[in-house]
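Grab a coffee and work through these short exercises on a two-chain model. Each task comes with a step-by-step solution.

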Amino acid sequence: MAEAPTQMKVSSEVAIDIQGMNKWYGSFHVLRDINLTVYRGERIVICGPSGSGKSTLIRCINALEEHQQGSISVDGTMLSSDLKNIDKIRSEVGMCFQHFNLFPHLTILENCTLAPIWVRKTPKKQAEETAMHFLEKVKIPDQANKYPGQLSGGQQQRVAIARSLCMKPKIMLFDEPTSALDPEMIKEVLDTMIQLAEEGMTMLCVTHEMGFARQVANRVIFMDQGQIVEQNKPEPFFNNPQSERTKLFLSQILGH
Amino acid sequence: MSGSAPKIQAFVRHDTLPSVAPPVSETGAVKWLRENLFSSVGNSIMTLLAAYCLYALISAIVPWVFNGVWRADSIRDCREVLDGAVGGCFAVIAERWPQLVFGNYPSEHYGRAVIAFLMLFVALAPILFIELPRKMLWFTGLFPFIAYWLIWGGTLWLPILALVGVVAGFAAFRALETKSFFGALIAGLVVTLAFWLFLAGPLSTGLSSVVPLTLERVESREIGGFMINFILGTSCIALSLPLGIALALGRQSNLPIIKMICVMFIEFIRGVPLITLLFVASVMLAYFLPPGTNFDLILRVIIMITLFASAYMAEAIRGGLAALPKGQYEAGDSLGLDYWQSMRLIILPQALKIAIPSIVNIAISLFKDTTLVSIISMFDMLGMIKGPILSSTDWFGVYWELYVFAALLFFVFTFGISKYSQYLERKLATDHR
């Protein structure tokens with residue numbers, strides 16, 4: 001596999017800093033002592049068996065889930081229970097979900113302009129121009145006036161990416177963006193994500209697309225039972241995994 | 001197994017088959033009859049039975065309707081005209097039309113009530129049909145105040161000042177909105193109520209002594225007939241929907257006190273019969289209020305029916321809220337929308353759409369339940385029929401004609417509501433079309 005393109009530079013500026021973070025669901029310890037520093041421009045792929053806490057980890061970053069111990073700071077803003085801080089972080093961090101979560105009662109264009117108009121207070125006309133720009137980028141400007149229910153899964157996920165980009169986020173989180181898609185549509189979504197990575201977006205992706213991980217990630221994190229078990233550059237991670245658990249996981253998912 | 005293995009024929013399709021119309025032989029009236037009405041012995045018997053029942057029903061109703069008497073002064077006149085033949089005495093509807101529709105409303109002011117009625121449709125239009133220009137909503141906002149003035153009369157200053165109170169409340173809301181939406185909402189309500197209670201009365205008396213601007217006053221007890229059902233129906237539906245939304249959101253809230261208040265309110269109101277609440281409005285409240293307070297009976301009834309209906313509305317809307325996938329809330333959150341924005345822009349539009357059938361159900365039953373006020377001796381349409389009309393010597397005994405007429409009048413409006421809701425559901429369907 002070729003080395004990542006040269007423009008995908010990682011700066012030394014910290015984008016996300018997670019220190020000693022713990023989370024429980026009731027008495028169940030889902031995340032255990034997570035320490036993770038993400039630098040601006042990094043593309044991190046998080047993988048692991050189901051129930052290992054990888055989705056929960058990235059959902060903690062924009063406070064969709066509450067953590068009980070430790071600290072998370074995003075772009076210099078410390079995540080606390082203060083709603084103002086949470087809304088600020090959320091407007092800087094874009095997120096794509098497994099089930100897209102587009103707003104079915106709004107058109108594609110309205111989906112994309114909603115947050116810029118109401119949160120960023122962008123004038124409607126300007127918000128629409130930005131939205132069309134990003135819809136062109138994900139290659140579906142002709143669907144702008146349709147409703148989400150009329151689009152295919154792959155198209156919906158690309159709209160969801162465009163919707164997040166319209167907020168001009170500094171960081172993008174992807175929560176298994178291709179898991180609900182047919183194989184034919186996975187590629188179109190991955191292409192969009194690769195394009196985004198090449199433009200230098202800081203990305204955290206929970207995904208099982210190991211081809212994607214090899215191609216764009218600069219770091220792969222393996223989680224199991226709520227802990228970070230192993231992290232490394234993609235090449236050594238795939239070719240020479242250290243932990244037994246990682247070896248087993250990789251042999252199962254790359255086995256056929 | 002050897003030797004008997006099936007031979008697999010390799011196959012590749014090179015051209016796509018064109019799609020063709022279905023065969024035409026499968027149509028025709030006789031075929032339809034045979035399939036739908038006479039498909040078996042049992043079904044044939046049922047068909048014949050049903051045909052006989054229909055015949056019996058129609059042969060009884062048709063002469064009653066078409067043989068009916070429309071001009072007569074009393075039931076005795078009717079009987080004379082009919083001379084033993086079957087026929088309805090519809091003359092009562094023609095002769096008592098004003099009473100059925102307006103009650104004891106002064107006849108020289110019927111025009112005022114009719115204008116208010118017609119204006120209602122103009123006011124409703126922009127709410128019902130989203131295609132109409134949004135500027136029409138200004139009229140919708142003004143309508144309640146205009147309608148009050150037209151129907152009850154009195155000085156124009158009172159509705160104007162009531163409107164000023166609302167505007168003042170809204171101004172307070174907008175001023176504080178950026179700080180806290182909820183706090184601003186409370187502040188707005190307090191300002192409006194304070195203005196109404198303490199300023200509106202004296203100010204309107206003062207202003208009307210300078211510039212009168214009055215219509216002749218009509219007292220609430222003079223209003224009756226279908227008019228009162230209509231006033232109660234429209235105002236209670238209009239008021240209970242926003243209250244129901246607030247209660248439903250409150251019941252879902254994370255704030256324990258708000259949640260508890262909403263739950264207790266909903267459960268209490270749902271557990272009490274509407275009649276009980278109406279009796280409280282008409283009789284009991286007088287004990288609790290300071291002597292000499294003039295608290296209009298229609299207003300009291302509007303409040304009670306609104307509270308009653310809003311508890312049901314709240315539960316219908318809660319059903320809609322619960323039906324939304326959690327992902328919709330999360331998507332709103334992850335885009336940085338605050339609670340009120342995501343409720344208003346994302347959650348409620350979808351939840352209300354899901355709840356349309358139940359909301360319409362409540363609206364229709366509320367409209368019909370307004371006839372219950374006849375029990376607390378208000379002369380609504382049924383009260384009028386039971387009271388002044390049937391007990392008059394002229395029309396004693398004309399039950400069928402009057403009640404069928406009342407039923408038809410209610411049916412026209414409730415069927416209209418139901419048709420509109422079906423139209424709305426079709427229009428709002430954005431998936432799979």
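**Exercise 1.** How many residue pairs are in polar contact between chain A and chain B, both at pLDDT 80 or more?

*Solution.* This is a predicted model, so a confidence cut-off comes into play. With both residues at pLDDT 80 or more, the count is 6 residue pairs. Now look at where chain A meets chain B: α2 (83-92), β6 (93-96) and α3 (108-118) of chain A each bring at least two residues to that side. Sort that side of chain A by class and you get 13 nonpolar, 6 polar and 5 charged residues.

**Exercise 2.** Count the salt bridges between the chains, then find the partner of B:Asp333.

*Solution.* Start with the count: there are 2 salt bridges between chain A and chain B. One of them pairs B:Asp333 with A:Arg90, and their closest N and O atoms sit 4.0 Å apart.

**Exercise 3.** Work out how much area chain A and chain B bury between them, and which three residues of chain A supply the most.

*Solution.* First, the residues: chain A puts 24 into the contact and chain B puts in 22. Next, the area: the two chains bury about 2,100 Å² between them, with 59% of it on carbon and sulfur atoms. Finally, the top trio: A:Phe103, A:His105 and A:Trp118 supply 26% of what chain A buries against chain B, more than any other three residues.

**Exercise 4.** Which residues of chain A does the UniProt annotation "domain: ABC transporter" cover?

*Solution.* The unreviewed UniProt entry places it at residues 16-250 of chain A. Over that stretch, the chain is 39% helix and 26% strand, and the end C-alpha atoms lie 27 Å apart.

Technical notes. Residues numbered from 1 in each chain as written. Chains lettered and ligands numbered in written order. Predicted model: local features only at pLDDT ≥ 70, side-chain atom pairs only at ≥ 80, totals over all residues. Heavy atoms only, no water. Contact = heavy atoms within 4.5 Å. Buried area = accessible area lost by both parts, 1.4 Å probe. Salt bridge = Lys/Arg side-chain N within 4 Å of Asp/Glu carboxyl O. Polar contact = N/O pair within 3.5 Å; in protein donor to acceptor, adjacent residues only side chain to side chain. Helix = DSSP H or I, 4+ residues; strand = E, 2+ residues; numbered from the N terminus. Nonpolar A, V, L, I, M, F, W, Y, C, P; charged D, E, K, R; others polar. UniProt positions renumbered as here; feature names shortened; annotations may be inferred.
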